[in-house]
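Grab a coffee and work through a few short exercises. Try each task on your own before you read the solution.

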Amino acid sequence: MIDPGANGRQFDDPADMQQRLRDAEVDALALVDAVSALSSKLTVDEVSQVACLHARKIARAKIARLIMVDGAGNLKLLKSSPGSIHPAKGTQQWAHTVGSAMRNKRPSVLRDGKRLTIYFPVRKEGKISGVLQLDYPAESPDLTQRAQRLCEAVATQCGVALERAERADELQRLAVTDPLTGLGNRRQLLHDLRREVVRAQRMQEPLSIVMLDIDNFKEFNDSRSHIEGDKLLHTFGRFLAKSLRGMDVAGRYGGEEFLLILPNTPIAGAQELLGRIRSDWATLSVVVTFSGGLASLHPKETAVDVVLRADIAMLRAKRAGRDRVMVSDEIHSPTSSS
């Protein structure tokens with residue numbers, strides 16, 4: 001029923017108005033849930049997952065995907081809900097379609113006979129850096145304005161949450177990274193080593209640790225300058241990282257000392273690896289050499305124990321004339337009951 005107002009205006013039917021109020025309340029709750037969930041997530045992966053889940057739920061989509069431009073300027077599928085690979089991912093057409101949707105700066109709809117796809121631009125750091133993509137069966141009706149507004153809001157909050165998560169990731173990375181070499185610092189090394197010690201003891205697999213120290217580094221620093229010393233540390237650190245397997249870990253333990261963690265590697269395998277590293281380094285640098293200490297994890301040792309033994313073996317190599325690697329004395333090794 002429509003009643004004229006005192007000034008001639010017509011008022012909405014009460015039942016219709018109540019329904020609109022209920023719809024508005026549902027929309028508000030859905031948006032609050034999405035914003036709250038995005039605000040509580042700290043990692044890029046978590047933010048991506050939550051954005052896809054809420055957008056898919058709000059819009060009743062078959063699949064929701066978050067596609068962003070990475071640091072190299074390439075499109076990257078961050079998340080899909082439910083998990084799946086985009087049917088055209090990596091193709092020129094896919095890149096063109098997503099790029100066009102980003103350039104439109106507003107929701108874009110595409111029907112190709114196989115599916116209905118809607119793209120919502122995601123703005124990050126003041127510019128559109130990706131899209132929140134919703135897929136439907138080809139015969140699906142267009143998205144309602146109500147659902148579209150909600151998805152736009154989710155995409156906006158997704159961009160804000162991604163910025164925050166990326167800043168947190170960067171701060172975390174800086175906290176555990178040596179700025180000079182780009183390798184893990186002592187904090188990261190000890191974290192990785194404790195994890196590998198637990199894994200090796202549980203799986204009853206060998207674990208070798210190597211402490212390396214650049215010979216006569218102070219003299220090099222004093223004679224060549226600290227700038228040249230920093231360059232040497234950087235070069236040596238990157239050289240070690242490239243010399244190892246994907247499962248191995250290299251990091252700067254402190255000063256001119258570097259630590260290698262070699263999972264599932266017995267003493268003989270570690271010695272063979274170190275022989276190759278010494279040979280390769282000699283072909284790159286005739287200016288400096290390095291000394292090392294090698295220790296293999298004992299069944300009841302802690303991470304601190306095995307590092308101490310590797311360090312003692314490295315000091316023995318120094319005293320023996322440098323430019324060599326010595327193995328920890330397996331008989332007189334320290335042990336710990338903790």
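## Exercise 1: Helix H9

Task: work out which residues of H9 are buried, and what they pack against.

Solution. Start with the burial list: in this predicted model, H9 buries Ala303, Asp305, Val306, Val307, Arg309, Ala310, Ala313, Met314, Ala317 and Lys318. The cut-off here is under 20% relative accessible area. Now look at the numbering with the helical repeat in mind: an α-helix has 3.6 residues a turn, so residues three or four places apart point the same way. Next, find the neighbours. The buried residues of H9 pack against helix H5 (186-203) and against several strands, namely E8 (207-214), E9 (249-254), E10, E11 (290-296) and E12 (325-327).

Then check the length. H9 covers residues 303-319, which is 17 residues. From first C-alpha to last, H9 reaches 25 Å, close to the 24 Å expected at 1.5 Å a residue. Finally, see what follows: just after H9, glycine 321 has a positive phi of about 125 degrees.

## Exercise 2: Two helices side by side

Task: decide how H2 and H4 are oriented to each other, roughly parallel or roughly antiparallel.

Solution. First, get the geometry: the axes of H2 (residues 44-59) and H4 (residues 145-175) come within 9 Å and cross at roughly 175 degrees. Angles over 145 count as roughly antiparallel, so H2 is roughly antiparallel to H4. Now list who touches whom. H2 brings Val44, Val47, Ser48, Ala51, Ala55, Ile58 and Ala59. From H4 come Ala147, Leu150, Cys151, Val154, Cys158, Ala161, Leu162, Ala165, Glu166 and Asp169. Last, sort the contact by class: 14 residues are nonpolar, one is polar and two are charged.

## Exercise 3: Unusual backbone spots

Task: find where the loops hold a cis peptide bond, and which residues other than glycine have a positive phi.

Solution. Take the cis bond to begin with. It joins serine 81 and proline 82, with omega about -5 degrees. Proline 82 sits in the loop between strand E4 (75-81) and helix H3 (92-104).

On to phi. Serine 225 has a value near 105 degrees and lies in the loop between helices H6 (217-224) and H7 (226-243). Its relative accessibility is 30%, so serine 225 counts as partly exposed.

Asparagine 264 is another case, with phi near 50 degrees. Look for asparagine 264 in the loop between strand E10 (257-263) and helix H8 (267-284). At 39% relative accessibility, asparagine 264 is partly exposed too.

Key
Residues numbered from 1 in each chain as written. Predicted model: local features only at pLDDT ≥ 70, side-chain atom pairs only at ≥ 80, totals over all residues. Heavy atoms only, no water. Helix = DSSP H or I, 4+ residues; strand = E, 2+ residues; numbered from the N terminus. Buried < 20%, exposed > 50% of the residue type's maximum accessible area, 1.4 Å probe, protein only. Axes fitted to C-alpha atoms, helices over the stretch in contact; angles between N-to-C directions. Parallel < 35°, antiparallel > 145°, perpendicular 65-115°, else oblique. Contact = heavy atoms within 4.5 Å. Nonpolar A, V, L, I, M, F, W, Y, C, P; charged D, E, K, R; others polar. Expected span 1.5 Å × (residues − 1).
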